[in-house]
Amino acid sequence: MAIMDQDEFWAIVDRAREGIDDTRTAEGAKQVAENVGQRLAELGRGAAVAFDLRYAALDAESYDWNLWGAAYLMRGGCSDDAFDYFRGWLVTQGRSIWECALRDPDTLAELGIDPDDDFLLCESILSVGRAAFDEDADFYAAVAAARAELPADTFNGPLLGDDFDHEDDDAVHARYPRLAEIYL
């Protein structure tokens, strides 16, 4: 099984965003995930697994201290699981926001997220391919088999970048000047 092409992956996500007033909200992000799941159910099991593989590869690519620090700042803290769900939320924002945030997480300040809201999570996008399968176990078995055909480092790797003290306001301001103005 091949990993879904990035352009196809993002086309599915961008199409799923159509007609949703505000994907930045928890409800909006969840609706994007539901729409993606519906599309994958239409495309079939192979597409659902290929989508999941691409998602996992993007997830590994975004496993970065700099992005995690931005999530920590925006959410007022961010556990391992919350960082996974934050990146899920970030996928629901679309390709251009995803790519900008990976290059420079401080660009997330441009989204205009209310600092009193900490809904920046979308767990449901992590397994939207299940919609193409009758049983969850069948989906997970298909994904595991497809992953076994690919190099292990496709989906796993070390946390990228340099760690820093997320509680040090000076370090936070230096890394994320625009986000710090909003969230500190």
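Two aromatic rings of Phe, Tyr or Trp (for Trp, the six-membered ring) count as a pair here if their centres lie within 6.5 Å. With that rule in hand, a search of the whole structure, which is a predicted model, turns up 11 aromatic pairs.

## Ring against ring

Start with phenylalanine 9 and tryptophan 10. Their ring centres are 5.0 Å apart and their planes stand at 85 degrees, so this pair is edge-to-face. Both phenylalanine 9 and tryptophan 10 are buried. Then there's phenylalanine 164 with tyrosine 176: here the centres are 6.0 Å apart and the planes are at 50 degrees, so the pair is tilted. Phenylalanine 164 belongs to the loop between α7 and α8, and tyrosine 176 to the loop between α8 and α9, so the pair ties together parts 12 residues apart in sequence. Both of these residues, phenylalanine 164 and tyrosine 176, are buried as well.

Some rings go beyond pairs: Phe9, Trp10, Phe51 and Trp98 are linked into a cluster by their ring pairs.

## The nonpolar core

Two members of that cluster come back in the core. The largest nonpolar core has 58 residues, and Phe9, Val36, Phe51, Phe86, Trp89, Leu108 and Leu179 are the ones with the most contacts inside it. Eight helices show up in the roll call of elements giving two or more residues: α1 (6–17), α2 (26–43), α3 (45–61), α4 (65–75), α5 (80–92), α6 (95–103), α7 (136–148) and α9 (177–183). Which of them gives the largest share of this core? That would be α3, with 10 residues.

For a close-up, take phenylalanine 86. Leaving aside residues up to four places away in sequence, phenylalanine 86 touches Leu67, Ala71, Met74, Arg75, Leu108, Leu120 and Leu121.

## Helix α4, wrapped up

Leu67, Ala71, Met74 and Arg75 from that contact list are also among the buried residues of α4. Nine of the 11 residues of α4 are buried, so this helix is largely enclosed by the rest of the structure. Besides those four, the buried set takes in Trp65, Trp68, Gly69, Ala70 and Leu73. What lies over them? The cover for the buried residues of α4 includes α5, α6, α8 (169–175) and α9.

The two ends of α4 have their own details. At the N-terminal end, aspartate 64 acts as a cap, with a side-chain oxygen 2.7 Å from the backbone nitrogen of asparagine 66. Just after the helix, glycine 76 takes a positive phi of about 75 degrees.

## Charges that pair up

The salt-bridge count comes to 10. Here are three of them, with the N to O distance for each.

| Basic residue | Acidic residue | Closest N to O distance |
|---|---|---|
| Arginine 24 | Aspartate 22 | 2.8 Å |
| Arginine 87 | Aspartate 59 | 3.2 Å |
| Arginine 178 | Aspartate 106 | 3.3 Å |

In the arginine 87 bridge, aspartate 59 lies in helix α3 and arginine 87 in helix α5, so the pair ties together parts that are 28 residues apart in sequence. The arginine 178 bridge runs from helix α9 to aspartate 106 in the loop between α6 and α7, so it ties together parts that are 72 residues apart in sequence. Salt bridges with shared partners also join Asp104, Asp106, Glu110 and Arg178 into one network.

Are the partners buried or exposed? Arginine 24 is partly exposed, at 27% relative accessibility, and aspartate 22 is partly exposed too, at 25%. Arginine 87 is buried, with a relative accessible area of 1%. Arginine 178 is partly exposed at 35%, whereas aspartate 106 is buried at 3%.## Arginines over rings, and one more arginine

Arginine 87 has a second role in the picture: its charged end sits over the ring of phenylalanine 83, 4.2 Å from the centre. Arginine 147 lies over the face of phenylalanine 155, at 4.5 Å from the ring centre.

Finally, arginine 45 is found in helix α3 and counts as partly exposed, at 41% relative accessibility. How far apart in space are arginine 45 and phenylalanine 133? The two are 88 residues apart in sequence, yet their C-alpha atoms are 6.6 Å apart. Not counting residues up to four places away in sequence, arginine 45 touches Ala132, Phe133, Asp134 and Asp138.

Methods: Residues numbered from 1 in each chain as written. Predicted model: local features only at pLDDT ≥ 70, side-chain atom pairs only at ≥ 80, totals over all residues. Heavy atoms only, no water. Core = buried A, V, L, I, M, F, W, Y, C linked by side-chain atoms within 4.5 Å. Buried < 20%, exposed > 50% of the residue type's maximum accessible area, 1.4 Å probe, protein only. Contact = heavy atoms within 4.5 Å. Salt bridge = Lys/Arg side-chain N within 4 Å of Asp/Glu carboxyl O. Polar contact = N/O pair within 3.5 Å; in protein donor to acceptor, adjacent residues only side chain to side chain. Phe/Tyr/Trp six-rings, centres within 6.5 Å; stacked < 30°, edge-to-face > 60°. Lys NZ or Arg CZ within 6 Å of the ring centre and 35° of its normal.
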